[in-house]
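User: Hi! I'm new to looking at protein structures, and I'd like some help finding my way around this one. Could you walk me through it?

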Amino acid sequence: MAFSSDAGEGPMADINIIPLADVMLVLLIIFMVTAPQLSYPIDIDLPQKSLTPPENPLDPPEPIRLRIDPAGQVYWNDSPAPLSALRNMMEAEVQRDPTNQPTLEIDASEDSDYGVLAKVLAQAKNAQMLKIGFVKK
(Lines give C-alpha, C1' and ligand atoms only; values in the text may rest on other atoms or scores of the structure.)
Protein backbone atom coordinates (compact mmCIF):
# COMPACT_ATOMS: atom_id res chain seq x y z
CA MET A 1 0.00 0.00 0.00
CA ALA A 2 1.41 3.35 -1.00
CA PHE A 3 0.81 6.50 0.96
CA SER A 4 0.45 9.92 -0.51
CA SER A 5 2.98 12.55 0.46
CA ASP A 6 0.42 15.36 0.31
CA ALA A 7 -0.76 16.34 3.76
CA GLY A 8 -4.30 17.21 2.63
CA GLU A 9 -5.10 13.85 1.10
CA GLY A 10 -5.64 10.57 2.87
CA PRO A 11 -3.80 7.36 2.17
CA MET A 12 -3.87 6.19 -1.48
CA ALA A 13 -4.18 2.46 -2.06
CA ASP A 14 -2.63 0.89 -5.18
CA ILE A 15 -3.19 -2.70 -6.19
CA ASN A 16 -0.01 -4.63 -6.87
CA ILE A 17 -0.77 -7.02 -9.73
CA ILE A 18 2.70 -8.53 -10.03
CA PRO A 19 1.94 -11.43 -7.63
CA LEU A 20 -1.31 -12.07 -9.50
CA ALA A 21 0.53 -12.17 -12.82
CA ASP A 22 3.12 -14.56 -11.35
CA VAL A 23 0.43 -16.92 -10.11
CA MET A 24 -1.37 -16.80 -13.46
CA LEU A 25 1.85 -17.62 -15.34
CA VAL A 26 2.55 -20.57 -13.04
CA LEU A 27 -1.01 -21.87 -13.55
CA LEU A 28 -0.67 -21.44 -17.31
CA ILE A 29 2.54 -23.49 -17.32
CA ILE A 30 0.96 -26.20 -15.17
CA PHE A 31 -2.05 -26.47 -17.50
CA MET A 32 0.17 -26.54 -20.58
CA VAL A 33 2.22 -29.39 -19.13
CA THR A 34 -0.73 -31.48 -17.91
CA ALA A 35 -3.11 -30.97 -20.87
CA PRO A 36 -1.35 -33.39 -23.27
CA GLN A 37 -1.42 -36.09 -20.60
CA LEU A 38 -5.22 -35.89 -20.31
CA SER A 39 -5.82 -36.94 -23.92
CA TYR A 40 -5.14 -40.27 -25.55
CA PRO A 41 -4.37 -40.92 -29.22
CA ILE A 42 -6.78 -42.58 -31.61
CA ASP A 43 -5.28 -44.40 -34.58
CA ILE A 44 -6.98 -43.42 -37.81
CA ASP A 45 -6.01 -44.68 -41.24
CA LEU A 46 -6.66 -41.79 -43.60
CA PRO A 47 -6.87 -42.39 -47.33
CA GLN A 48 -3.72 -41.58 -49.25
CA LYS A 49 -3.62 -39.80 -52.57
CA SER A 50 -2.78 -42.19 -55.38
CA LEU A 51 -1.04 -40.99 -58.50
CA THR A 52 -2.74 -43.42 -60.85
CA PRO A 53 -6.51 -43.81 -61.06
CA PRO A 54 -7.95 -47.28 -60.56
CA GLU A 55 -8.24 -49.35 -63.72
CA ASN A 56 -11.90 -50.28 -63.47
CA PRO A 57 -13.66 -48.24 -60.84
CA LEU A 58 -16.46 -50.25 -59.27
CA ASP A 59 -19.81 -48.86 -58.30
CA PRO A 60 -19.85 -48.53 -54.52
CA PRO A 61 -22.28 -50.84 -52.75
CA GLU A 62 -25.27 -49.51 -50.87
CA PRO A 63 -24.12 -47.91 -47.58
CA ILE A 64 -24.97 -49.50 -44.26
CA ARG A 65 -27.05 -47.18 -42.10
CA LEU A 66 -26.33 -47.80 -38.44
CA ARG A 67 -28.42 -45.74 -36.03
CA ILE A 68 -27.96 -45.48 -32.25
CA ASP A 69 -30.96 -44.11 -30.36
CA PRO A 70 -30.89 -42.40 -26.94
CA ALA A 71 -31.75 -45.69 -25.18
CA GLY A 72 -28.62 -47.34 -26.60
CA GLN A 73 -30.48 -49.55 -29.10
CA VAL A 74 -28.59 -50.12 -32.36
CA TYR A 75 -30.43 -50.30 -35.70
CA TRP A 76 -28.79 -51.92 -38.74
CA ASN A 77 -30.53 -50.52 -41.85
CA ASP A 78 -33.59 -49.60 -39.76
CA SER A 79 -33.95 -53.03 -38.14
CA PRO A 80 -32.93 -53.57 -34.49
CA ALA A 81 -29.69 -55.47 -34.02
CA PRO A 82 -28.03 -56.64 -30.80
CA LEU A 83 -24.68 -55.05 -30.07
CA SER A 84 -23.05 -58.46 -29.76
CA ALA A 85 -24.00 -59.45 -33.33
CA LEU A 86 -22.67 -56.32 -35.02
CA ARG A 87 -19.13 -57.62 -35.51
CA ASN A 88 -20.34 -60.74 -37.35
CA MET A 89 -22.62 -58.61 -39.53
CA MET A 90 -19.77 -56.23 -40.32
CA GLU A 91 -17.36 -59.06 -41.10
CA ALA A 92 -19.92 -60.57 -43.48
CA GLU A 93 -20.18 -57.26 -45.34
CA VAL A 94 -16.38 -56.96 -45.54
CA GLN A 95 -16.01 -60.55 -46.82
CA ARG A 96 -18.37 -59.92 -49.76
CA ASP A 97 -15.76 -57.74 -51.48
CA PRO A 98 -12.81 -56.56 -49.33
CA THR A 99 -11.64 -54.12 -52.02
CA ASN A 100 -15.07 -52.48 -52.45
CA GLN A 101 -16.54 -52.29 -48.98
CA PRO A 102 -19.79 -50.49 -48.21
CA THR A 103 -19.66 -47.30 -46.20
CA LEU A 104 -20.80 -47.61 -42.59
CA GLU A 105 -22.89 -44.49 -41.93
CA ILE A 106 -23.28 -44.03 -38.18
CA ASP A 107 -26.11 -41.82 -36.97
CA ALA A 108 -25.73 -41.44 -33.22
CA SER A 109 -28.32 -39.45 -31.34
CA GLU A 110 -27.03 -36.53 -29.31
CA ASP A 111 -28.49 -38.15 -26.19
CA SER A 112 -27.03 -41.60 -26.86
CA ASP A 113 -24.43 -43.15 -24.58
CA TYR A 114 -20.87 -42.62 -25.77
CA GLY A 115 -19.94 -46.08 -24.53
CA VAL A 116 -22.27 -47.70 -27.08
CA LEU A 117 -20.72 -45.62 -29.87
CA ALA A 118 -17.22 -46.57 -28.71
CA LYS A 119 -18.18 -50.27 -28.78
CA VAL A 120 -19.61 -49.92 -32.29
CA LEU A 121 -16.43 -48.21 -33.52
CA ALA A 122 -14.25 -50.86 -31.86
CA GLN A 123 -16.26 -53.64 -33.51
CA ALA A 124 -16.01 -51.90 -36.88
CA LYS A 125 -12.25 -51.63 -36.51
CA ASN A 126 -11.98 -55.28 -35.46
CA ALA A 127 -14.08 -56.30 -38.47
CA GLN A 128 -11.59 -54.46 -40.74
CA MET A 129 -14.15 -51.95 -42.01
CA LEU A 130 -12.33 -49.15 -43.81
CA LYS A 131 -15.12 -46.74 -44.76
CA ILE A 132 -16.79 -45.27 -41.69
CA GLY A 133 -18.69 -42.01 -41.67
CA PHE A 134 -20.88 -40.08 -39.27
CA VAL A 135 -24.28 -38.73 -40.29
CA LYS A 136 -25.98 -35.86 -38.54
CA LYS A 137 -29.62 -35.26 -39.26
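Analyst: Happy to! Keep in mind that this is a predicted model. A good starting point is the largest nonpolar core, which has 17 residues. Those with the most contacts inside it are Leu 66, Leu 86, Met 90, Leu 104, Val 120 and Met 129.

User: Which elements give two or more residues to this core?

Analyst: Strands S1 (64-68), S2 (74-76) and S4 (104-108) do, along with helices H2 (86-96) and H3 (114-126). The largest share, four residues, comes from H3.

User: Let's zoom in on Val 120, then. Where is Val 120 found, and is it buried or exposed?

Analyst: Val 120 is found in helix H3. Its relative accessible area is 0%, so Val 120 is buried.

User: What does Val 120 touch?

Analyst: Leaving out residues up to four places away in sequence, Val 120 touches Leu 66, Ile 68, Val 74, Leu 83, Leu 86, Met 90 and Ile 106. Take Leu 66: Val 120 and Leu 66 are 54 residues apart along the chain, and their C-alpha atoms are separated by 9.4 Å.

User: You mentioned Met 90 too. What is Met 90 in contact with?

Analyst: If we set aside its neighbours within four places in sequence, Met 90 is in contact with Trp 76, Leu 104, Val 120, Gln 123, Ala 124, Ala 127 and Met 129.

User: Changing topic: how many strands form the sheet, and in what order?

Analyst: Five strands form an open sheet, in the order S3-S2-S1-S4-S5, and the pairing is mixed. Strand S3 (79-81) and strand S5 (132-134) stand at the edges with a single partner strand each, so one side of each has no neighbour in the sheet. From one strand to the next, the twist averages 30°.

User: In what sense do S1 and S4 pair?

Analyst: S1 and S4 pair in the parallel sense, over five bridges. Arg 67 stands opposite Asp 107 in S4.

User: And which strands do the helices H2 and H3 sit against?

Analyst: H2 packs on the sheet and touches S1, S2, S3 and S4. The direction of H2 makes about 25° with that of S2. H3 lies across S1, S2, S4 and S5, and runs at about 170° to S4.

User: Last one: how many aromatic pairs does the structure hold?

Analyst: Zero aromatic pairs. One ring does have a partner of another kind, though: Arg 67 lies over the face of Tyr 75, at 4.2 Å from the ring centre.

Terms used. Residues are numbered from 1 along each chain as its sequence is written. This is a predicted model: local features need pLDDT of at least 70, side-chain atom pairs count only at pLDDT 80 or more; totals for chains, interfaces and linings use all residues. Side-chain values use heavy atoms; hydrogens and water are left out. A nonpolar core is a set of buried Ala, Val, Leu, Ile, Met, Phe, Trp, Tyr and Cys residues joined through side-chain atoms within 4.5 Å. Buried means under 20% relative accessible area, exposed over 50%, partly exposed in between (1.4 Å probe, protein chains only). Contact means heavy atoms within 4.5 Å. Rings of Phe, Tyr and Trp (its six-membered ring) pair if their centres lie within 6.5 Å; planes under 30 degrees apart count as stacked, over 60 as edge-to-face and the rest as tilted. A charge sits over a ring if NZ of Lys or CZ of Arg is within 6 Å of the ring centre and within 35 degrees of the ring normal. Two strands pair if DSSP finds at least two bridges between them. Axes are lines fitted to C-alpha atoms, for helices over the stretch in contact, and angles run from 0 to 180 degrees between N-to-C directions.
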